[in-house]
Amino acid sequence: MADKSYNNDSIKSLKGADRVRLRPGVMFGSDNIKGAFHTFKEILGNSLDEARGGYGKEVDVVYHRDGAISVRDYGRGVPMGWNKAEGRYNWELVFDELYAGGKYDDDGDNYKFSVGLNGLGAAAVQYTSEYFNVISYQEKKVFKKDFKKGYPTNKDLVEEDNKTGQTGTFIEWKVDNDVFPDTAFTFDMFKEYCEGQAHINAVNFKLLDEHTGE
């Protein structure tokens, strides 16, 4: 007869990326293509929050040949460096930790409006990606960080001089089929969603489908 004991050792907790990878529907609403596409809404939502705050009015979206998605905004650039108050790097807080981000500011000056999951979206998307690459363009510096299967590829934060003077954030990620088996997005899905957001948020979008060149 099978052992059906229920005791102190029966309680287990998911840790790290597994908190989302093993139960994606909890965070994204479903574990099918709708949930997979919601990762785009979350990343785009952060760019829209910047635009609504008056930082940048253009967003570039590319649906890549390998099925990856990239979003480039021209806002302030997500903070990536050392956070003295938290004793950790901001890249870790924003992209590798749930319930962290700039939307918990008590005075509300950073974001008066918020489209995304408020400290959950960026990390949750990173957790469920085959790969997830971030470039943050600050006024004087450019910061780069790469992730794979929900974890940073290394502990280093790449820091370079910003020679272009442009600011903003570029994120490219590929939804992991080990988490979401169906990721067969259509370009119309991106067009329809961005068209609605363009009107609501007064943002200009540039969209490219690398599969067709449209």
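1. Asn 133 has Asp 146 in β6 as its bridge partner. This belongs to the pairing of β5 (residues 129-137) with β6 (residues 141-148), an antiparallel arrangement held by seven bridges. The connection between β5 and β6 is a hairpin of three residues. The model is predicted, and the points below should be read with that in mind.

2. β6 also pairs with β8 (residues 158-161), again antiparallel, through four bridges. Within that pairing, Val 142 lies opposite Glu 160 of β8. A further antiparallel partner of β6 is β7 (residues 151-152), joined to β6 by two bridges. There, Phe 147 faces Pro 152 of β7.

3. The turn between β6 and β7 deserves a check of its backbone. The two strands form a hairpin with two residues between them. Lys 149 sits in this loop and has a positive phi of about 55 degrees, although Lys 149 is not a glycine. What is the exposure of Lys 149? Lys 149 is partly exposed, because its relative accessibility is 30%, which falls between the limits of 20% for buried and 50% for exposed.

4. A second residue to check in the same way is Ala 202. Its phi is near 55 degrees, a positive value in a residue other than glycine. Ala 202 belongs to the loop between α6 (187-201) and β10 (204-209). With a relative accessibility of 55%, Ala 202 counts as exposed, since the cut-off for that class is over 50%.

5. β1 (58-63) and β2 (residues 69-73) are antiparallel and share five bridges. One opposed pair is Tyr 63 with Ile 69 of β2. The hairpin between the two strands has five residues, and Gly 67 in this hairpin takes a positive phi near 95 degrees. β2 also pairs with β9 (168-175) in the antiparallel sense, over four bridges. Ile 69 recurs here, with Trp 173 as its bridge partner in β9.

6. How far is β2 enclosed by the rest of the structure? Five of the five residues of β2 are buried, so the strand is largely enclosed. The cover extends to both faces: Ile 69, Val 71 and Asp 73 are buried on one side, and Ser 70 and Arg 72 are buried on the other.

7. The largest nonpolar core has 45 residues, and those with the most contacts inside it are Phe 40, Leu 44, Phe 95 and Trp 173. α3 supplies the largest share of this core, with eight residues. Leaving aside residues up to four places away in sequence, Leu 44 touches Val 59, Val 61, Val 71, Tyr 193, Cys 194 and Phe 205. Trp 173, listed among the core residues with the most contacts, is also the β9 bridge partner of Ile 69.

8. Ser 47 is in helix α3. Is Ser 47 buried or exposed? Ser 47 is buried, because its relative accessibility is 5% and the limit for that class is under 20%. Not counting residues up to four places away in sequence, Ser 47 touches Val 59, Val 71 and Asp 73. Val 59 and Val 71 are also contacts of Leu 44.

9. There is one cavity of 30 Å³ or more. The largest cavity has a volume of about 30 Å³. Its lining includes Ser 47, Glu 50, Ala 51, Tyr 55, Val 59, Asp 73, Tyr 74 and Val 203. α3 (33-52) and β1 each supply at least two of the lining residues, and α3 gives the most, with three. By class, the lining has five nonpolar, three polar and four charged residues.

10. Gln 166 lies in the loop between β8 and β9. Its relative accessible area is 42%, which makes Gln 166 partly exposed. Which residues does Gln 166 contact, leaving aside its neighbours within four places in sequence? They are Arg 72, Tyr 74, Tyr 137 and Gln 138. Of these, Arg 72 is a buried residue of β2, and Tyr 74 takes part in lining the largest cavity. Gln 166 and Arg 76 are 90 residues apart in sequence, while the C-alpha to C-alpha separation in space is 9.3 Å.

Conventions
Residues are numbered from 1 along each chain as its sequence is written. This is a predicted model: local features need pLDDT of at least 70, side-chain atom pairs count only at pLDDT 80 or more; totals for chains, interfaces and linings use all residues. Side-chain values use heavy atoms; hydrogens and water are left out. Two strands pair if DSSP finds at least two bridges between them. On a 1 Å grid over the protein atoms alone, a cavity is a set of points where a 1.4 Å probe fits but cannot get out, and a pocket is an open set with protein on both sides within 12 Å along at least five of seven lines; lining residues have an atom within 4 Å of a point. Grid points are joined across faces, edges and corners, and a volume is the space filled by probe spheres set on the points. Ala, Val, Leu, Ile, Met, Phe, Trp, Tyr, Cys and Pro count as nonpolar, Asp, Glu, Lys and Arg as charged, and the others, Gly among them, as polar. Buried means under 20% relative accessible area, exposed over 50%, partly exposed in between (1.4 Å probe, protein chains only). Contact means heavy atoms within 4.5 Å. A nonpolar core is a set of buried Ala, Val, Leu, Ile, Met, Phe, Trp, Tyr and Cys residues joined through side-chain atoms within 4.5 Å.
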